[in-house]
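Dear colleague,

Please find below the structure I am handing over to you. A short account of what was found in it follows.

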Amino acid sequence: MRLKGICSICGGIADPAYSCSMCGAIVCSKCFNSKTGLCKRCAAKVGGDRSSNETIKGIDETVRSATETIKQNMLGWRNG
Ligand SMILES: [Zn+2]
Ligand SMILES: [Zn+2]
């Protein structure tokens with residue numbers, strides 16, 4: 001049985017329609033990524049393993065440098 005409906009992303013007729021495995025939205029073939037099984041919106045959110053890892057690394061780096069700054073400030077205050 002073929003799904004049919006209105007694409008929740010572009011508003012066009014989705015024939016065949018696909019259902020996003022993440023948000024469950026009905027989308028057309030243009031707005032569906034068959035590789036990931038996700039709609040365009042969720043695919044953009046998820047991004048890809050590589051880019052999400054880089055984001056986590058970046059956050060980790062930010063936290064580390066912030067911690068260093070606090071440490072240095074405390075030392076400076078103590079020696080002060
Ligand atoms: Zn669409
Ligand atoms: Zn989705």
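**Findings**

Among contacts in the protein chain between residues at least 6 apart in sequence, 7% join residues at least 24 apart. Please note that this is a predicted model.

As regards secondary structure, the protein chain contains 2 helices and 6 strands. Along the sequence these elements follow the pattern β-β-β-β-β-β-α-α. Of the 80 residues in the protein chain, 14% are buried.

The buried part of the chain deserves a description of its own. In soluble globular proteins, nonpolar side chains tend to be buried together. In this model, the largest nonpolar core has 11 residues. Its members are C7, A14, Y18, C20, A25, V27, C28, C31, F32, L38 and C39. One of these core residues is L38. When residues up to four places away in sequence are not counted, L38 touches C20, S21, M22, N33, A43 and V46. Of these partners, C20 is also listed in the core.

Turning to K4, this residue is found in the segment before β1, the strand that covers 5–6. Is K4 buried or exposed? K4 is exposed, because only 12 or fewer other C-beta atoms within 10 Å are needed for that label, and K4 has 11. With neighbours within four places in sequence left aside, K4 is in contact with A14, D15, P16 and A17. For the pair K4 and D15, the separation is 11 residues in sequence, and the C-alpha to C-alpha distance is 5.0 Å. A14, another of the contacts of K4, belongs to the largest nonpolar core.

With kind regards

Definitions and conventions
Residues numbered from 1 in each chain as written. Chains lettered and ligands numbered in written order. Predicted model: local features only at pLDDT ≥ 70, side-chain atom pairs only at ≥ 80, totals over all residues. Core = buried A, V, L, I, M, F, W, Y, C linked by C-beta atoms within 7 Å. Buried ≥ 20, exposed ≤ 12 C-beta atoms within 10 Å, placed from the backbone. Contact = placed C-beta atoms within 7 Å. Helix = DSSP H or I, 4+ residues; strand = E, 2+ residues; numbered from the N terminus.
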